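Q: Please take one part of this model and look at it closely, starting from a single residue and working outwards. Where the description leads on to other parts of the chain, follow it there.

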Amino acid sequence: MDALPIDTSHPAVRDYLSLIRLQVLTPLSLLINIATVIVCAVVVTPSISEISKQFPTSISPKPIIIATYVAAIYAGQLGYCVLIVLARKAETKRTITKGVGFSLVIANWVMALWAIAWVFQWFLVSTVLQGILLLTLLYSNIVLLIYHQPSSARPFDTILIHAPLRFFLVLQFGLMFPLSLFINLGLTYTPTTPGPPRDYADHPWPGFGVVLGTNLLGLVVVILRRDIVWCVSATWICISIWVLRPKPGPVYIVAILFTVLHPLALVGAYIYSRFYKRRGVILPPGDEALYGRTESGRVVVGSQSGPDSGPREVDENTWG
């Protein structure tokens, strides 16, 4: 077989081939993810939401709110798939191939497998898959944050690359992985149909610790980075938790508290950045004579470059 007429070892060629693979594999993985989740949520009995009702926990969310959240993630990924095809800027292509790469493809496949494990009530497998999904999304978000930071010069990169991946990460970090872990560890209540669980006040502190810990970390991210996406997603998850009642008192109070704190922290961070920025020290015009200047006009402390530099005598005009 004749060799290809191109040098596949060249970095530019490898990046181009990687982009072509992502243009095929990313929409395919998203399609499989959406189809599997829809089948497991609508067609299969018991469905994803019915399993959640059969195994209620202290952090169980309102299914319809989380379904809307997942739909928003899918909408963002659809935009990302369009961006992969239409991207023309070298920075955008580099963010797609080097920043996201195949991590989103892996995440979509893992989420599809999780839906199957969930409806079959393989909770240990479900927890392992959620852990893999969390680590995959955490890795891709860290790479994007360090090497491919969002820029106002490329707003579509922020909207269609950074935002969907951040939304996806916060869902796994703040809710799905802890929820699967709770069910696997037996931290569930006895369901009643209809009506609330009979023992919903039992073991409230694991749920309290998860809600408090994940939201405290999210609050730090919101304040330091003024992260709108994390603020919206974390608030969304908190609402989904306290809306489904009854809840243990500590979990209910903390979820409502952070529903208010996340937006307030974001607004406060923007106000602080806007009105309390550090400003350099500017010398008054009259003090420039106390310092020498170079030929380029730079001020040099203690320089004797000019005849007027150095101490000045105090005469009668100065006092008078």
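A: Ile106 counts as partly exposed because its relative accessibility is 42%. This is a predicted model, and every value given here is computed from it. Ile106 sits in helix α5, which covers residues 103–119. Together with Val24, Leu25, Leu28 and Phe102, Ile106 makes up a nonpolar surface patch of about 410 Å². A residue can join such a patch only with over 30% relative accessible area, and the 42% of Ile106 meets that condition. The most is given by helix α1, residues 11–43, which supplies 3 residues of the patch.

Phe102, a member of the patch, also leads to a buried residue of helix α1. Ser18 lies in that helix and is classed as buried because its relative accessibility is 13%. With neighbours within four places in sequence set aside, the contacts of Ser18 are Thr97 and Phe102.

The UniProt record, an unreviewed entry, marks transmembrane regions at residues 24–44, 64–87, 99–121, 127–147, 167–185, 205–223, 228–245 and 251–272. In the model, residues 24–44 are 95% helix and 0% strand, with 29 Å between the end C-alpha atoms. Residues 64–87 are 96% helix and 0% strand, and 34 Å separates their end C-alpha atoms.

After helix α5 the chain runs into the loop between α5 and α6, where Gln121 is found. Gln121 has a positive phi, near 60°, and is not a glycine. Most residues other than glycine have a negative phi, and most peptide bonds are trans. Gln121 counts as partly exposed because its relative accessible area is 34%.

Helix α6, residues 123–147, holds Thr127. Thr127 is classed as buried because its relative accessible area is 9%. Its side chain has a polar atom 2.8 Å from the backbone oxygen of Phe123. The side chain of Thr127 also makes a polar contact of 3.0 Å with the side chain of Ser180. Beyond four places in sequence, the residues in contact with Thr127 are Phe177, Ser180, Leu181 and Asn184.

The charged pairs come next. Side chains of opposite charge can pair when their charged atoms come close. The protein has 2 salt bridges. One of them joins the side chains of Arg154 and Asp157, at 2.9 Å from N to O, and both of these residues are buried. Arg166 and Asp227 form a salt bridge as well, with 2.2 Å between the closest N and O atoms. That pair links distant parts of the chain, 61 residues apart: Arg166 belongs to helix α7 (residues 155–185), and Asp227 to the loop between α8 (204–225) and α9 (228–243). Arg166 and Asp227 are likewise buried.

The loop between α8 and α9 also contains Arg226. Arg226 is not a glycine, yet its phi is positive, at about 50°. Arg226 counts as partly exposed because its relative accessible area is 33%.

Further along, a cis peptide bond with omega of about 5° joins Arg245 to Pro246. Pro246 is in the loop between α9 and α10. Another cis peptide bond, with omega of about -5°, lies between Thr45 and Pro46, and Pro46 is in the loop between α1 and α2 (48–54).

Helix α10, residues 249–275, includes Ile253. Ile253 is classed as exposed because its relative accessible area is 58%. Its C-alpha atom is 8.3 Å from that of Trp242, and the two residues are 11 positions apart along the chain.

These parts belong to a protein with 11 helices and 2 strands. Their order along the sequence is α-α-α-α-α-α-α-α-α-α-β-β-α. The protein has 320 residues, and 41% of them count as buried. Among contacts with a separation of 6 or more, 76% are between residues 24 or more positions apart. The accessible surface is about 18,400 Å², and carbon and sulfur atoms account for 67% of that area.

Note on methods. Residues are numbered from 1 along each chain as its sequence is written. This is a predicted model: local features need pLDDT of at least 70, side-chain atom pairs count only at pLDDT 80 or more; totals for chains, interfaces and linings use all residues. Side-chain values use heavy atoms; hydrogens and water are left out. Patches are made of residues with over 30% relative accessible area and no salt bridge: like charges are joined within 9 Å, nonpolar side chains (Val, Leu, Ile, Met, Phe, Trp, Tyr) within 5 Å. Accessible areas come from the Shrake-Rupley method with a 1.4 Å probe; for residues, only the protein chains shown count as cover. A salt bridge is a side-chain nitrogen of Lys or Arg within 4 Å of a carboxyl oxygen of Asp or Glu. Helices (H or I, at least four residues) and strands (E, at least two) are DSSP runs, numbered from the N terminus. Buried means under 20% relative accessible area, exposed over 50%, partly exposed in between (1.4 Å probe, protein chains only). UniProt positions are given in the numbering used here, feature names are shortened, and annotations may be inferred rather than shown by experiment. A polar contact is a pair of N or O atoms within 3.5 Å; within protein, one must be able to donate a hydrogen and the other to accept it, and residues adjacent in sequence count only if both atoms are side-chain atoms. Contact means heavy atoms within 4.5 Å.
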